[in-house]
Amino acid sequence: MSSLNANAFATPGSARFSVRITGPDRFVIGGAEWLSSDSRLAMLLRVTLAAPAVRSVTVDRQRHEVEVQHEPGSWRAVAANYRIRPADLPELDVEPEEVESHRRRSFFRYGRLISDWIRQDERPGLIRLRHPGLCGRPPIWDAVSAALDDLLGIRAYRIDGLGGSLTVRFDPALIHVQQIVHGLHQAVRGLGENAVSSILHRIDFPVAVASLTLSGVATFAAPVLLPVGTALMLATAVPSYRRAAQVVIRERRLGVDVLDSIIFTTCLFTGEIFAGAMTAFFLSVGRTLLRKTQAQSARLLVDAFGRQPSIVRLERADGSTAEVPIETVRAGDVIIVNTGEAVPVDGTIRSGEGMLDQQALTGEAAPVERAAGDPVLAATLLVAGQVRVQVERAGKDTTAGKIADILRETVSHKLELQTRGEALADSIVVPALGVSALAGAMIGPSAALAVINADLGTGIRMAAPLAVVTSLSACIQSGILVKQGRALETLPQIDTVVFDKTGTLTRSVPEVGDVVACGTHAPAEMLRLAAAAEQNFSHPIARAIVDHYQAHGGDPLPVLDASQYALGFGLTVTIEGRRVRLGSRRFMDREGITFTEAFDHAMAPRREAGHTLIYMSIDDAPAGLVDLRPSQRPEAADTVERLRAGGIKELIILSGDHDRPTRQLAGQLGMDRYFAEVLPEDKAAVIAGLQREGRSVCFVGDGINDALALRQADVSVSLSGAAGIATDTAQVVFLEGNLRRMGELFTIARELHSNVGQSWNLIRGANGICVAGVFLAGFNIWHSVFFNNASALGALGNSLRPLQRRTGASGVINLLR
């Protein structure tokens, strides 16, 4: 942009360009040369909008002018930018060729971003934007909605498709305006200027309301409006005609949509326009309610997992930082996360420490501490501190991204009860036509319409999918990820629950049961020395010993140097001048430490019970041992009790451990049966044997080691937690990694089955009364419209009850908003 120099700008009469001040807050740069190439135009925009006082830049290609709007009286400060050329220029988020395709276009600066999204209003937590692509273009509305749904920190938004504006409410602590505008532009950019399609389905409900109003006025007051009301009624009936054509032509069968089409056609030819408009209105209400609630509920499901920051703070090789789009981040990069920001990637903390809120991902209510070397997951929130994170996975490859993908697939699951209901509704279409013909011959056309209108399929087709989504919402709010919708259907039929023992009923980390001395040293002193020796290790045995010492109020442990350790089959370390060994019985024999036969004999029952015995010597003399026993999960007993109360007939332990510890645990928990010393590859055979006995089996395991058993079971549940989503073969995963939600999972599944059954009974009962009323009580089309659509809307309302029970009326209102 060499032509924009001090001398040229100082002489507005130059043949190359002119500058015209048109007001206290704007000036115009004229001359075709500035618009002669994409690079010149891009540089002009970047240099101009680098000035803080500039509000907007409008390019008019037809008049070969660029209008600059700025703070009043600051044009000289803006002009200084052309003379100095700032080194740090904002980035242009619009391709120059996109600018060239428009006669006139305005540009605004948002942070370090230049975009053609027009800022109309901006306040803390709210921004109102305009864009020409929004006017009357449903594909762009969809793209904008999808982009905002994927941004972390968006609270609500409203698209005005006629005025071309967008209002966004957001959380400034989680996202800033630059990130919002970047996400919006990326969404719109790929659609092009010709992304125009029919907007009929978007104005379905307003047209239905207008049709009902005009048809009512025309029928009862102003017949002159009847043609308009008829046209609107037929417009609202288009979805029914389209589906009927698909069923008849493509699927070669008769379905309930055929009945709806017959109703509209008959109303048209019999002059019952108001009745047809009312039927269309109720169908439109049902479609709109289902579409809004299903989309919003599905959005709420994936919000915690699918939403990611669009821009992250990347650390460059020279130590400087830059804000870059999340899609440019790669494995091995290092990003900075500050207090109040969401972690955008899966990775490992390189440096720094902080408190992470993982509730959205794992269900843990309390924040957890994380420091250098600890793993972090995307979609968790840093509530305190600052960390440098080395990226391992980003975008859809993160744990949160995988969960979001699973949920998007699961929400589309079609219940078997819904399938059976639709099949039944379709199977009675021909009989319904026969009964309708009989009613028409015996009573009249209105009675015939009433029978046809009393179909069963419309309501269940709307209510069942909504019930699935609300049940999945209830699950995810409880830290339960349902990977396969079929599991929710099968759980009410489960009569046998089989638990893996290690890692499922017991924790992966053992606990110290006892410290046994066989020499002159006291157990308390032995425990202190053992904890000091193990303090720098993170394996389960070391954690168990150190945690036990600290839990019992032990004094601070001495700090040891790595040079003091000698690692082999056990551990040898010098502590306060004393030589301490910890390890197995075999390790002690190798080191020449001899324990008496009497001591070994006394410890034999502990070994047979499955305990881990860590022998210990001090100053080359046997001191005794630390007895580590399996740690039963504290929630295991309560889980067993809740399952029995819920109707589970048999509870079984399936373990690869020895018989004695397995039998003891089964007795403690009140299990009906147990299988011990079963190899992982044989666990599936045990479950298959139970199924041959006629049992419906749910298997609860660790998610990976029990893969074959998980696949064999009718329903499989894993305690692998959020980190195991990618490799877990289970149908259901407890994100908290414990058993606390087991009873709740069964409750939600039973509620779903009961809810859909209630909706189906409501639909069948109401329409059955209507058909009987046609022959016994003189019911006509008006009665049928009321019974059929009231039952369908009632079924939709019933589908929201699981959500209402857990979140209250406010949760349902938010869903419908």
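How many bridges join strand β20 to strand β27, and do the two run parallel or antiparallel? There are 5 of them, linking residues 496–500 of β20 with residues 650–654 of β27, and the strands run parallel. One of the matched pairs puts F499 opposite I653 in β27.

A quick word on what you're looking at: this is a predicted model, where local features need pLDDT of at least 70, side-chain atom pairs count only at pLDDT 80 or more, and totals for chains, interfaces and linings use all residues. Residues are numbered from 1 along each chain as its sequence is written, and side-chain values use heavy atoms, with hydrogens and water left out.

Back to those strands. They belong to an open sheet of 7 strands with mixed pairing, in the order β19-β31-β30-β29-β20-β27-β28. Strands here are DSSP runs of E with at least two residues, helices are runs of H or I with at least four, and both are numbered from the N terminus; two strands pair if DSSP finds at least two bridges between them. At the edges stand β19 (480–482) and β28 (673–675), each with a single partner strand, so one side of each has no neighbour in the sheet. On average, neighbouring strands are turned by 20° against each other, direction ignored; the axes are lines fitted to C-alpha atoms, and angles in general run from 0 to 180 degrees between N-to-C directions.

Now for the salt bridges, meaning a side-chain nitrogen of Lys or Arg within 4 Å of a carboxyl oxygen of Asp or Glu. The structure holds 28 of them, including these three:

| Pair | Closest N and O atoms |
|---|---|
| E67 and R26 | 3.9 Å |
| E525 and R578 | 2.8 Å |
| D672 and R644 | 2.9 Å |

E67 sits in strand β4 (residues 65–70) and R26 in strand β2 (residues 26–30), so their bridge ties together parts 41 residues apart in sequence. E525 is in helix α18 (residues 523–534) while R578 is in strand β24 (residues 578–583), so that pair ties together parts 53 residues apart in sequence. D672, in the loop between α23 and β28, and R644, in helix α22 (residues 636–645), are 28 residues apart. Salt bridges with shared partners also join E525, R528, E576 and R578 into one network.

What about inside and outside? Buried means under 20% relative accessible area, exposed means over 50%, and partly exposed is in between (1.4 Å probe, protein chains only). In helix α15 (residues 445–453), 7 of the 9 residues are buried, so the rest of the structure largely encloses this helix. Among the buried ones are A447, L449 and I452. P558, in the loop between α19 (540–551) and β22 (565–567), is buried too, at 19%.

M442 in helix α14 is exposed, at 55%. M442 joins L438, I443, F775 and L776 in a nonpolar surface patch with about 540 Å² of accessible area together. Such patches take residues with over 30% relative accessible area and no salt bridge, joining nonpolar side chains (Val, Leu, Ile, Met, Phe, Trp, Tyr) within 5 Å and like charges within 9 Å; areas come from the Shrake-Rupley method with a 1.4 Å probe, and for residues only the protein chains shown count as cover. Helices α14 (429–442) and α26 (742–776) each give two or more residues to the patch.
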